[in-house]
Structures are given as C-alpha cells and as structure tokens.
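Trainee: Could you take a close look at one part of this model for me, the place where the two chains meet, and work outward from there?

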Amino acid sequence: MDAFVVALMSVWNDSGFAAFSMGNGIMMLVGIILLYLAIGKGFEPLLLAPIAFGCILANVPKTGFDTDPGIMQVILYGINNEVFPPLIFMGVGAMTDFGPLIANPKTLLLGAAAQAGVFVSLIGALFLGFTVQEAAAIGIIGGADGPTAIYLAAKMAPQLLGAIAVAAYSYMSLVPLIQPPIMKLFTTEEDRKIVMEQLRTVSHFEKMVFPVVTTIFISLLLPPVCSLIGMLMLGNLFTEAGCLGRLSDTAQNALMNIVTIMLATGTGLTMKAESFLTYQTILIICLGLVAFAAGTAAGVIFGKLMCWADGGKTNPLIGSAGVSAVPMAARVSQIVGQKANPGNFLLMHAMGPNVAGVIGTAVAAGTMLAMIGPAAK
Amino acid sequence: MTTNPWLIAIINMTIVFGVLIILGVIMSVIKVCDPTAKKKPAAKVAAPAAAPAVVAKKDNAEVIAVIAAAVAACGCSADQIACIRRIPSNGWTVNAREEVMNVRKECF
C-alpha cells in the first residue's frame with residue numbers, strides 16, 4: 001500500500017498540476033479568450049488561433065520546451081534567430097503587386113509619413129522608463145508589420161517579444177475599427193469624395209528591375225535588414241518573372257502556411273505567465289494603440305498636404321494605408337472613400353502607400369538596429 | 001549611441017524619408033530606361049478603319065459565344081450586340097486584382 005501511495009505521490013509531483021500557478025491559469029484563460037476571438041469572432045484567425053494555442057502550451061509547467069531538444073525548441077529557435085520573419089516576407093513579396101507603387105511613386109512619401117507612429121511610441125516608451133532597445137522594439141508595433149515587429153523584438157528586446165507580437169497582430173486585426181474615426185477626423189467630406197485618376201500600366205521590365213535594384217540599394221545602405229528586404233523582393237521576383245510560377249506558388253501558399261503555423265505558435269510559446277503578466281505588457285498594449293493611431297493620423301495629414309500640393313488630385317484617405325497591414329489598411333481606405341462617394345475606387349491607389357509602408361517599416365527597423373544596436377545577450 | 005528620444009526620432013524619420021525618396025527617383029530612372037516602353041507614334045496613323053477588318057478575319061467564334069452568353073445572362077438578347085471592342089483601360093485586370101485582395105482575409 002505504501003509503495004502505491006509513494007508511486008502516486010511521485011506521479012503527482014512530476015505532473016504539471018503540482019507546479020501549476022495562478023499566473024499559468026490566467027494565461028491559459030487569455031489563450032482561450034484569444035482562441036474564441038480568432039475562431040468565434042474571426043479576428044485574424046490564421047494567426048491568432050496558433051498564437052492562442054501556443055500561449056496555452058507555454059503555460060503548462062514542466063514541459064521542458066526551453067531545455068529539451070524537440071519541435072518546440074526548433075520553433076523557438078526560428079523565432080529567436082530571425083528564421084521565420086524573412087520567410088514570411090518572401091510569401092508577402094510573392095503576394096504583393098508593386099505595380100500601383102511604381103505607377104505612382106509619390107505615394108512612397110505617404111508610406112514614409114505613416115512611420116511617424118513608430119517614433120511617437122518610441123518617444124512615449126522612453127519617457128515611460130523602457131530602455132532604448134526596448135523602446136525601439138515597442139515603437140515598431142506602429143509599423144503594423146508583424147514579421148518586422150517580431151524580427152526587431154527578437155534582436156532588441158527578446159524578453160518583450162510575446163507582448164509586442166500580440167499587440168502588433170491584435171491591432172492589425174483591429175485596423176478596420178481603429179482607422180476610420182481617425183481618417184474622418186482629419187479629412188472633410190469633400191476630401192473623401194476626391195476621385196483619383198486611373199494609374200498607368202506598369203511594364204514587365206519595370207516590375208522585374210524594381211525588386212532587384214531596391215534590394216541592392218537598401219541592403220547596401222542597411223545591411224541588418226538585408227534578409228527581410230531581400231526575401232520580400234525575392235518572393236516578388238518569383239511572381240513577376242512569369243517563368244517561376246511553381247516557386248511563387250510555393251512561397252505564397254505551402255511555405256507561407258507552414259511558416260505561419262511555426263511563427264504564430266512560436267509567438268504564443270513566448271507568452272509565459274512570468275514574462276507576460278507584468279505591468280510592462282499593459283504599457284506595451286497602450287503604446288501600440290498610440291503608435292497605430294499616430295501612424296494613421298500622420299499618413300492622412302501628409303495625404304492632405306499632397307492633395308493641396310497637387311491641386312486636389314490625391315485623396316488624403318490613401319495616406320492611412322501607409323501603416324503596412326497589407327492589404328487590410330488599403331481596404332479600409334477603399335471602404336471609407338466609397339462611403340463618401342459610392343463611385344470611388346481607391347483600393348489600387350491605396351496599395352501604393354500600403355506596400356511603401358512595408359518597405360518603410362523595414363527601413364525604420366534597419367535604421368534603429370544600425371543606430372542603437374541589438375540588445376546585449 | 002544616443003539615447004535622446006527626439007534625436008533618434010528625427011534622424012530615423014529623415015532616413016526613412018530619404019531612402020523612400022531615393023527609391024522614387026530610382027523608379028523614375030527605371031521608367032526612363034525601359035527598353036520595352038512603347039514609343040509614341042511619330043505620325044498619325046491614317047487608317048483606323050483597317051483594324052476592324054483584320055479582327056473580322058480571325059476566328060473568334062468562341063470569344064463571341066462567351067460574350068453573347070454573358071450578355072444573355074444580363075437579360076439582353078445576343079441580337080442587340082452592335083460591336084465588341086476592347087476598352088483602352090486595363091479594367092478587367094484591375095478588377096481581378098481588387099477581387100483577389102478583397103478575398104484575402106489575413107494580413108501580415
């Protein structure tokens with residue numbers, strides 16, 4: 001009988017229940033709520049569902065994910081060593097059409113202006129007591145670019161990676177709710193009704209040369225983001241080349257789905273109670289919202305300036321698409337513009353600043369890495 | 001390494017604007033250097049009426065059948081088709097791309 005009790009006690013002591021804390025319980029509840037939002041409410045289900053499940057897994061005690069070799073170690077390695085974000089960027093590149101941007105290069109400025117949100121939250125984070133590396137990683141949430149946020153957080157503030165990734169993806173899924181009030185605040189009804197001219201047709205030559213030249217220029221200027229920009233443009237080249245259909249298909253479908261599972265689950269695995277349930281997480285969530293709002297406002301205000309400068313040819317609403325979130329932010333510009341004028345089709349015009357925002361966020365990340373440097377390991 | 005938040009913000013914003021402006025210049029240069037760009041016609045083409053004659057020679061029965069079916073689906077008779085011309089804009093391509101982007105639910 002004693003041997004039975006001893007064996008039973010041994011099983012209990014080795015179980016997760018014995019080491020289960022209140023924090024683990026709260027984080028599992030957070031995971032379940034995120035799972036409900038993803039599946040029940042349809043908020044970014046492809047990303048939020050694996051993040052939520054990863055969060056639940058991360059809060060099971062005694063799993064040895066951090067110490068024992070296995071699939072979870074592989075996933076965490078991919079997160080912490082910049083493997084997955086560049087692969088996601090390749091898929092994004094394969095799905096992106098740079099045509100609207102090449103046809104109307106001045107929309108690059110809108111993509112640059114919307115990066116103001118990054119620096120507003122960076123300043124806020126520094127004033128709230130974060131280190132300069134942490135502030136830079138938090139600021140990049142304003143770029144509305146998940147892979148770049150994870151890339152920079154893994155390099156500059158790995159301890160905040162979970163909070164930063166969750167804030168970035170949560171706000172990206174809430175773009176249709178966050179942006180319209182800000183867009184309406186900074187534009188008049190007349191502004192929103194502006195119909196933009198049809199974009200010119202971009203030649204195959206331009207679409208082929210653009211990714212190559214952009215990669216060489218940005219990589220030489222900012223080597224730390226060479227892998228991000230390089231993979232983005234490589235994916236785009238697969239699609240635009242016309243003779244690499246199989247590679248393009250793999251990059252934007254099979255590989256993208258596999259890496260999304262790894263990246264999102266890995267992000268969830270970083271959401272451990274001891275590192276996530278902190279006062280800093282609340283601050284990061286608030287700063288992320290400030291960053292999104294400031295980026296949207298800056299884009300729309302710059303759009304108004306552009307509208308004034310070109311004699312009313314630019315609809316300022318496309319400025320809000322400068323915060324990346326491809327293609328959701330461009331769709332929001334289209335929806336708000338069409339509410340003001342049902343005959344208005346802004347989607348293709350908004351795709352210009354939208355993809356410019358992706359490049360702008362990567363440039364901002366590279367500049368901060370070059371200026372501030374990664375966190376000491 | 002500076003820790004002045006204002007200085008970091010101003011320097012970064014300047015670099016982001018600078019890089020994207022240079023990219024814009026590069027795009028303009030690519031457009032100018034494009035060897036495949038259509039040259040503007042040196043003189044006015046005198047025979048615009050020749051085009052329909054060339055089109056008429058082709059066997060477009062399948063295309064005509066598809067268009068007739070589409071018109072019929074809209075509630076009109078195929079007899080009401082006076083002529084079929086490709087419109088100058090790339091509206092169908094744009095429409096297809098817009099549809100693809102509207103179908104995609106995820107964003108990255």
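Mentor: Let's get one term straight: helices (H or I, at least four residues) and strands (E, at least two) are DSSP runs, numbered from the N terminus. By that count T361(A) lies in helix α21 of chain A, and I'll come back to that residue. A bit of housekeeping: this is a predicted model, where local features need pLDDT of at least 70 and side-chain atom pairs count only at pLDDT 80 or more, while totals for chains, interfaces and linings use all residues. Residues are numbered from 1 along each chain as its sequence is written, chains are lettered from A and ligands numbered from 1 in the order in which they are written, and side-chain values use heavy atoms, with hydrogens and water left out.

Now the interface. Its size is often given as the accessible area lost when the parts come together. Chain A and chain B bury about 4500 Å² between them, 78% of it on carbon and sulfur atoms (buried area is the accessible area, 1.4 Å probe, that two parts lose on being put together, summed over both). The largest share of chain A's side, 12 residues, comes from helix α21 (residues 347–372). In contacts (heavy atoms within 4.5 Å), 64 residues of chain A meet 39 residues of chain B.

Between the two chains there are zero salt bridges, a salt bridge being a side-chain nitrogen of Lys or Arg within 4 Å of a carboxyl oxygen of Asp or Glu. There is one residue pair in polar contact between them, both at pLDDT 80 or more. A polar contact is a pair of N or O atoms within 3.5 Å; within protein, one must be able to donate a hydrogen and the other to accept it, and residues adjacent in sequence count only if both atoms are side-chain atoms.

As for the partner, chain B has four helices and zero strands, and 21% of its 108 residues count as buried. Here buried means under 20% relative accessible area, exposed over 50%, and partly exposed in between (1.4 Å probe, protein chains only).

Back to T361(A) in helix α21 of chain A. At 0% relative accessibility, T361(A) is buried. Its side chain makes a polar contact with the side chain of Q115(A) at 3.1 Å, and also reaches the backbone oxygen of G143(A) at 3.5 Å. Leaving aside neighbours within four places in sequence, T361(A) touches Q115(A), I140(A), G143(A), D145(A), T148(A) and S324(A).

Aromatics are worth a look too. Rings of Phe, Tyr and Trp (its six-membered ring) pair if their centres lie within 6.5 Å; planes under 30 degrees apart count as stacked, over 60 as edge-to-face and the rest as tilted. The whole structure has five such pairs over all chains. In one of them, F127(A) and W6(B) have ring centres 6.4 Å apart and planes at 55°, so the pair is tilted. F127(A) sits in helix α9 (residues 116–127) of chain A and W6(B) in helix α1 (residues 5–33) of chain B, so this pair joins two chains. F127(A) is exposed, with a relative accessible area of 58%.

Another pair, Y171(A) and F292(A), has centres 5.7 Å apart and planes at 50°, so that one is tilted as well. Y171(A) is in helix α12 (residues 161–173) of chain A and F292(A) in helix α19 (residues 279–309) of chain A, 121 residues apart. Both Y171(A) and F292(A) are buried.
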